[in-house]
Amino acid sequence: MTDGDGTPTPTPVGNFPVSGDSVTFGFNVASSGAYSTAGKQELRGFKLAVKHINNGGGWVTSEQYESPLDGDGLLDKDVEFAVEDTGGNSETARSNAQRLVDSEEVIMLAGGTSSNSGLANQEVAAQNQVVYMATMANANSLTGIDCNRYSFREMYNNHMAAKALAPALSNEFGDDVNYVKISQDNEWGQTLRDEMDTALGNLGWAPVWDTTAQVGTTDYSQYAEDIKSVDFDVIVLGLGGLDAVNALRAFREEFPESNIVLPIASKDIARTAGDAIEGVIGTVAWSPEINSPLSDTFRESFREEYGSSTGTSKSASPSGAAHIAYTQTLQYASAAERVGTFNPIDVIGALEGHEYDAGLGPQTLRACDHQAMRQVPVVKGKPEVQQSYGTYYGLIGEPADVQYACDSGPAANCSLGGN
């Protein structure tokens with residue numbers, strides 16, 4: 001088929017081809033609810049990436065970031081965006097994603113903030129043949145048993161988090177350790193618990209108490225009361241968002257000197273928890289303390305963009321959520337620019353197996369499961385008096401290398417299928 005001047009008409013795929021002078025990205029994040037602090041940071045990272053795609057700046061015009069982007073839009077079009085609030089709810093995320101695809105005609109969908117929302121996003125994306133770039137969703141299944149051709153993830157999964165933590169915890173607490181554990185009562189929390197049990201079991205650690213908590217729990221005092229009679233050395237909290245904050249405060253109040261592990265930590269949790277984060281060990285997506293040309297460029301660009309609106313450099317310091325969102329947006333845009341089309345099939349091919357640097361050193365967005373093989377920073381919470389300029393954690397050693405083969409871990413259950 002050809003158009004009026006004899007030019008072949010592209011075969012429609014999802015919302016491709018794109019007409020007009022602009023193209024729209026869809027950002028489906030948790031701006032409210034238990035994950036809102038991370039969701040708001042994601043949105044800042046997304047918006048900053050779009051600004052740099054359209055106007056230059058940041059990584060787009062950095063010599064260290066290898067990309068065909070030049071700061072003059074994407075494939076001769078201005079990039080616009082549409083935003084929806086998931087509230088951390090999977091059904092809301094699902095309906096939002098469908099609206100973004102249908103009404104806004106987005107060419108790329110991004111966001112998630114929580115794993116259940118991420119899984120909903122990627123299902124809608126695949127059904128509608130739209131590329132999805134996941135953000136703060138850690139569930140193994142996203143690039144494991146529920147993986148699909150249209151979904152990609154920069155964020156590490158629960159399997160990688162547990163692998164990164166094991167040696168650090170062994171160095172910190174030794175190998176003869178009793179631990180109690182509280183996990184979120186959902187697929188994310190359960191797989192995180194299982195991954196941590198495996199990693200800690202290999203160290204010789206023994207679980208002595210175990211329970212789950214519903215998402216949105218505000219009072220964890222009863223949980224703290226329940227473990228008073230338990231002989232334990234470490235508390236492991238498989239919780240996220242405000243749930244993690246509420247639990248940290250409750251356990252710190254009851255056990256001020258307790259050893260706490262928060263496998264999936266973040267600047268947003270730490271900032272809200274304040275002095276309760278002191279001494280807590282966990283992993284983060286990225287830290288402002290990581291010094292590399294690209295990390296430095298992102299950090300300073302973010303502070304320049306958002307510092308004046310908040311009035312303090314502390315609140316304007318970027319989190320891992322913002323870094324992931326910024327990275328994923330530029331990954332998609334760079335892939336589209338490399339292949340010279342918004343056709344999702346071609347963009348997928350450009351993303352698969354792509355080697356790049358997002359400030360943590362060389363990494364690869366794997367073709368077998370669309371999971372980024374990247375380093376994972378392990379951190380320890382600072383005392384409140386040291387939490388100035390938005391730095392809440394100190395790095396423990398170098399970021400951990402947690403690569404695993406395509407026939408092992410969550411990837412062993414991944415079948416991407418055809419286009």
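**Close-up views of a predicted model**

At 1% relative accessibility, Thr327 falls under the 20% limit and therefore counts as buried. That residue opens a set of close-ups, all drawn from a predicted model.

**View 1. Thr327 and its contacts in helix H10.** Let us start with one residue of helix H10, Thr327. Which residues does Thr327 touch, once those up to four places away in sequence are set aside? Look for Trp59, Glu154 and Ala358 around it.

**View 2. Gln328, the side chain that reaches Phe152.** Gln328 also lies in helix H10. Is Gln328 buried or exposed? Its relative accessibility is 1%, so Gln328 counts as buried. Follow its side chain and you arrive at the backbone oxygen of Phe152, 3.3 Å away. Leaving aside neighbours within four places in sequence, Gln328 is in contact with Met133, Ala134, Phe152, Arg153 and Glu154.

**View 3. Helix H10 from end to end.** Now step back to take in the helix that holds Thr327 and Gln328. H10 runs through residues 320-339, which makes 20 residues. From the first C-alpha to the last it reaches 29 Å, close to the 28 Å expected at 1.5 Å a residue. Why can we call H10 largely enclosed by the rest of the structure? The reason is that 17 of its 20 residues are buried. At the N-terminal end, Ser319 acts as a cap: one of its side-chain oxygens lies 3.2 Å from the backbone nitrogen of Ala321. After the helix comes Gly340, with a positive phi near 70°.

**View 4. Helices H4 and H5 packed together.** Here you can compare the directions of two helices, H4 (residues 158-173) and H5 (residues 187-203). Their axes are 9 Å apart, and the packing angle is about 35°. The crossing is right-handed. On the H4 side, the contact is made by Asn158, His159, Ala162, Leu165, Ala166, Leu169 and Ser170. H5 answers with Trp188, Thr191, Leu192, Glu195, Met196, Ala199, Leu200 and Leu203. Sorted by class, the contact has 10 nonpolar, 4 polar and 1 charged residues. A helpful idea for reading such a list is that an α-helix has 3.6 residues a turn, so residues three or four places apart point the same way.

**View 5. Helices H2 and H3 crossing.** A second pair brings together H2 (residues 90-102) and H3 (residues 115-127). How do their axes cross? They come within 8 Å and cross at roughly 35°, and this crossing is right-handed. From H2, Ser90, Ala93, Arg94, Ala97, Gln98 and Val101 take part. They meet Asn116, Ser117, Ala120, Asn121, Glu123 and Val124 of H3. The contact divides into 5 nonpolar, 5 polar and 2 charged residues.

**View 6. Backbone details at Pro17, Asp76 and Thr113.** Most residues other than glycine have a negative phi, and most peptide bonds are trans. With that in mind, find the cis peptide bond between Phe16 and Pro17, where omega is about 5°. Pro17 belongs to the segment before strand E1 (22-29). Next, Asp76 has a positive phi, near 65°, and sits in the loop between helix H1 (36-55) and strand E2 (78-85). For Thr113, too, phi is positive and near 65°; its loop lies between strand E3 (108-111) and H3. Which is buried and which is exposed? Asp76 is exposed, with a relative accessible area of 79%, whereas Thr113, at 5%, counts as buried.

Terms used:
Residues numbered from 1 in each chain as written. Predicted model: local features only at pLDDT ≥ 70, side-chain atom pairs only at ≥ 80, totals over all residues. Heavy atoms only, no water. Helix = DSSP H or I, 4+ residues; strand = E, 2+ residues; numbered from the N terminus. Expected span 1.5 Å × (residues − 1). Buried < 20%, exposed > 50% of the residue type's maximum accessible area, 1.4 Å probe, protein only. Polar contact = N/O pair within 3.5 Å; in protein donor to acceptor, adjacent residues only side chain to side chain. Axes fitted to C-alpha atoms, helices over the stretch in contact; angles between N-to-C directions. Left-handed = near helix turned anticlockwise from the far one by under 90°. Contact = heavy atoms within 4.5 Å. Nonpolar A, V, L, I, M, F, W, Y, C, P; charged D, E, K, R; others polar.
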